[in-house]
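Look over the sequence and the structure below. The report then goes through it part by part.

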Amino acid sequence: MADIIQLLPDSIANQIAAGEVVQRPSSIVKELLENAIDAGATEIQLILKDAGKTLIQVVDNGKGMSETDARMCFERHATSKIRNTEDLFSIQTMGFRGEALASIAAVAKVDLITRTADKDIAINVRVEGTKVTRQEACQGPLGTSISIKNLFYNVPARRKFLKSDPTEYKHALDEFNRIVLSYPEIKFTLYHNNNNIMSLSAGNLRQRIVSVLGKSINDKLVPVEVDTDNLILSGFIGKPEASKKSRGDQYLFVNKRFIKSNYINHAIKAAYEDLIASDHTPVYFLFLEIDPTSIDVNVHPTKQEIKFEEERLIYNYIKVAVRHALGQYNITPVLDFSR
Ligand code: ADP
Ligand code: MG
């Protein structure tokens, strides 16, 4: 029988990989904002048109890319962030898989302008269908501007599955909020359909929470600060009266990365005991800092899931810390750690 196995061309391989990384505009928002943060930006703008379906642009004042890197960044598994297996287990950056830009370029038109500090002139690279269609010198500020246009223009089946603009916009805004909450020291601006939606000046976490969620949250925040056993937990939990029936304002960041964890959510809720109704969920903005070698964030391409080496220990640590914080504010009448 004749040989029938062939290697897929890069363009198809990238489109397949894109299925995991790029589900909708919000996935691109997350990847581009994370890249800007990894580039050391202190100021980041996010510009959306039609909930990101027509345009997602991120402009940062980070370190920029060299001419070669500005092409290389669109290759699959091309990254400046890890070099070997050891690095994979002690990740310090938001990105590391080197597949976001390759995946995005496989399903949208990309226009990149970038300049490094040692150059007077910027470089403009355009990519369509994983092919570089333009590479030219141009004027541009220090940093990177990357525009993603016409998402899924070449994958009609995926485009059809996009939800209405309000729904896609909500998802994009959720990603934006998660990132701006975890980096209050960075200035962010959000535009949608030429309207300035949010301008967030650099500040501390409390100020950032108030600018994102509104003034009314300010006197409902209880600080959390524990630093023991190689773990640091900090941030704020909401007073019981801030709890809600609907989920939404639960933010857990592990080493600054937003993580969805029903397990930890359960630990936090358990700490409130009967201070909140059983159908309510407490509001929280918690940052766990943990030795990167004791977690695995490489569980899923979107990196929103995590494996803890010592899951039970983390559960109890968080539960006790939250209960202690509530106790310090005299919110809980009994402080019983034995339960
Ligand atoms: P990863 O972030 O996992 O490395 P990406 O595909 O998101 O993979 O990006 C590939 C590379 O392109 C990054 O490692 C980085 O070197 C470079 N890069 C991407 N975005 C930016 C940016 N905004 N500023 C500077 N460099 C960037
Ligand atoms: Mg990245």
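## A hairpin to start

Val 222 stands opposite Ile 237 in β10. This is a predicted model, so the pairing described here is that of a prediction. Val 222 and Ile 237 belong to a pair of strands, β9 and β10, which run antiparallel. Eight bridges join β9 to β10.

The two strands form a hairpin. Two residues lie between β9 and β10. In the turn sits Asp 229, which has a positive phi of about 50 degrees.

## The five-stranded sheet

The hairpin is part of an open sheet of five strands. Read across, the order is β9-β10-β13-β11-β12. The pairing is mixed. Strands of a sheet pair through backbone hydrogen bonds, either parallel or antiparallel.

Which strands stand at the edges? They are β9 (221-228) and β12 (257-258). Each has a single partner strand, so one side of each is left without a neighbour in the sheet. Helix α10 (residues 311-328) packs on this sheet. The helix touches β9 and β10 (231-238). Its direction makes about 130 degrees with that of β9.

Now follow β13. On one side, seven bridges join β10 to β13, and these two strands run antiparallel. Phe 236 stands opposite Phe 285 in β13. Strand β13 (residues 284-290) also pairs with strand β11 (residues 250-254). Here five bridges join the strands, which run parallel. The bridge partner of Gln 250 is Tyr 284 in β13.

## The eight-stranded sheet

Another open sheet is built from eight strands. What is their order? Read across, it is β5-β4-β3-β6-β2-β1-β7-β8. This pairing is mixed as well.

The edges belong to β5 (131-138) and β8 (195-200). Each of these has a single partner strand, so one side of each is left without a neighbour in the sheet. On average, neighbouring strands of this sheet are turned by 10 degrees against each other, with direction ignored.

Look closer at one pair. Strand β1 (residues 43-49) and strand β2 (residues 55-60) run antiparallel. Six bridges join them. Within this pair, Ile 44 has Asp 60 of β2 as its bridge partner. Helix α2 lies across β1, β2 and β6 (143-149). It runs at about 10 degrees to β2.

## The shell around the ligand

How many residues surround ligand 1? There are 22. The closest are Asn 35, Ala 39, Cys 73, Thr 79 and Gly 95. Two elements give two or more residues to this shell: α2 (25-38) and α5 (100-107). Helix α2 gives the most, with three residues. So the helix that lies across β1, β2 and β6 also lines part of the ligand shell.

By class, the shell around ligand 1 has eight nonpolar, eight polar and six charged residues.

## Two domains

The protein is divided into domain 1 (10-200) and domain 2 (215-328). Their C-alpha centres lie 29 Å apart.

Where do the domains touch? In the contact, 12 residues of domain 1 meet 12 residues of domain 2. On the domain 1 side, α1 (10-21) and α7 (165-182) are the elements that give two or more residues. Helix α7 gives the most to that side, with three residues. The residues of that side divide into six nonpolar, three polar and three charged.

## Confidence in the model

The mean pLDDT of the protein is 92. Of its residues, 97% reach 70 or more. The model scores ipTM 0.99 and pTM 0.92. Where pLDDT is low, the predicted coordinates should not be read in detail.

How values were computed
Residues are numbered from 1 along each chain as its sequence is written. Chains are lettered from A and ligands numbered from 1 in the order in which they are written. This is a predicted model: local features need pLDDT of at least 70, side-chain atom pairs count only at pLDDT 80 or more; totals for chains, interfaces and linings use all residues. Two strands pair if DSSP finds at least two bridges between them. Helices (H or I, at least four residues) and strands (E, at least two) are DSSP runs, numbered from the N terminus. Two residues are in contact if their C-beta atoms, placed from the backbone, lie within 7 Å. Axes are lines fitted to C-alpha atoms, for helices over the stretch in contact, and angles run from 0 to 180 degrees between N-to-C directions. Domain bounds come from an automatic or database domain assignment. Ala, Val, Leu, Ile, Met, Phe, Trp, Tyr, Cys and Pro count as nonpolar, Asp, Glu, Lys and Arg as charged, and the others, Gly among them, as polar. A residue is near a molecule or strand if its C-beta atom, placed from the backbone, lies within 6 Å of it. pLDDT is the predictor's confidence in each residue, from 0 to 100.
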